[in-house]
Structure formats: structure tokens, C-alpha cells
Amino acid sequence: MVTNTNSQQPDSQVRCFNFTSTFTRKQSMNLIKTLAMAATLTAATALSSAAFAEAAKAHDHHKAAAGATSATKAMPTVDADMTNAEVRKVDKDAKKITLKHEAIKSLDMPSMTMVFQVKDAALLDKAQAGDKVKVKIIQEGNAYVVTEMQTSK
Ligand SMILES: [Cu+2]
């Protein structure tokens, strides 16, 4: 009897210890999982805020571009192919015009000042340096050609 009790005592202690140990391990596993999850969330949050910052930047840029477009659209006659430009120099003999133009989406060209050929010298009849114009520009091989020009007021 005594032997039996004695033998049971350590056994239940062991079992109890095992249980505690298992429980503790489970708890620490949960803790690790929680920590890992928190780390993942933090990383995700950091990533998404970085992405958000990028998106915000892109959006700002887009907004600026859209603003320029809507300014164009506020003008009376609107042609999507027309680009706002300012005449810098007219060379009728060479059939060339220097324009400071806004970005030309269809040609994937940013705003700049450059020399264009004109399709017809008559386009230059009314153009003078300093004029604000709307131009239609097409690409012909390596050359950019002004095919239409309107004075914009
Ligand atoms: Cu250009």
C-alpha cells in the first residue's frame, strides 16, 4: 500500500510537471506566433505606408498633370490632340518654328522648348514669337511636324 502510494506520488508529479511543461511550451509557441504576427503586421504596415506614400506622390503628380489638362479644357475650342505651346521663334523660309510646348501625351514627350517643322509654311503666317498657341504635332520618321496651329487667347 505504502509502496503503491509512494510510487504513485512521483508519477502524478511527473505528469503534473509534464502538463505544466507542455502548457508552458504551448504558451510560448503562442507568444512566438503572436510576436511573429505582430512583426508581420508591422512590416506590412511599414510596407503599405511606404506604398501609400508612393501612391500619394504618384497621385500628386497625376493631379498636377490633370490640373494642366483641365486648364486646357477650360479654354473654348478643345481638341484632345492639341497641345498648348508658346511661340519662341518663327523661321518661315525653313518652314520651322521653335515652340515651348506642354507635355505631348501621344508622343510621350515632356514639356520642353524645341524646333518643329511645319507641314505648311502658311501655318507660320500668323505666328509671332510670344504667341500662345495650340498645336497639333505628329511624328514623321525622326521629325516632329506641326500640322495645325491655333492662336489661343
Ligand atoms: Cu518636345
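Where is Lys95 found? Lys95 is in the loop between strand S1 (82-91) and S2. Here are some notes to help you find your way around; please keep in mind that this is a predicted model.

1. **The overall layout.** The chain holds one helix and five strands. Reading from the N terminus, the order of the elements is α-β-β-β-β-β. Of the 153 residues in the chain, 14% are buried. If you look at contacts between residues at least 6 apart in sequence, 46% of them join residues at least 24 apart.

2. **S2 beside S3.** A good place to start looking is the pairing of strand S2 (residues 96-101) with strand S3 (residues 112-118), which is antiparallel and has six bridges. To find your bearings there, look for Thr98, which stands opposite Val115 in S3.

3. **S3 beside S5.** S3 is also joined to strand S5 (residues 143-151), this time in parallel, through two bridges. Here Gln117 has Val145 in S5 as its bridge partner.

4. **Back to Lys95.** This loop residue deserves a second look, since Lys95 has a positive phi of about 55° although it is not a glycine. Is its setting buried, exposed or partly exposed? Lys95 has 17 other C-beta atoms within 10 Å, so it is partly exposed.

5. **Asp108, in another loop.** Asp108 also has a positive phi, of about 55°, and it is not a glycine either. You will find Asp108 in the loop between S2 and S3. Asp108 counts as exposed because it has 8 C-beta neighbours inside 10 Å.

6. **The nonpolar core.** Which residues touch the most other members of the largest nonpolar core? They are Ile97, Val135 and Val146, in a core of 16 residues. The elements giving two or more residues to this core are S1, S2, S3, strand S4 (132-140) and S5. As general background, nonpolar side chains tend to be buried together in soluble globular proteins.

7. **A closer look at Ile97.** If you would like one residue from which to explore the core, try Ile97, one of the three named above. Leaving aside neighbours within four places in sequence, Ile97 is in contact with Val87, Val90, Asp91, Phe116, Val118, Leu124, Ala127 and Val146. Among these partners is Val146, which is itself one of the core residues that touch the most other members.

Notes
Residues numbered from 1 in each chain as written. Predicted model: local features only at pLDDT ≥ 70, side-chain atom pairs only at ≥ 80, totals over all residues. Helix = DSSP H or I, 4+ residues; strand = E, 2+ residues; numbered from the N terminus. Buried ≥ 20, exposed ≤ 12 C-beta atoms within 10 Å, placed from the backbone. Contact = placed C-beta atoms within 7 Å. Pairing = 2+ DSSP bridges. Core = buried A, V, L, I, M, F, W, Y, C linked by C-beta atoms within 7 Å.
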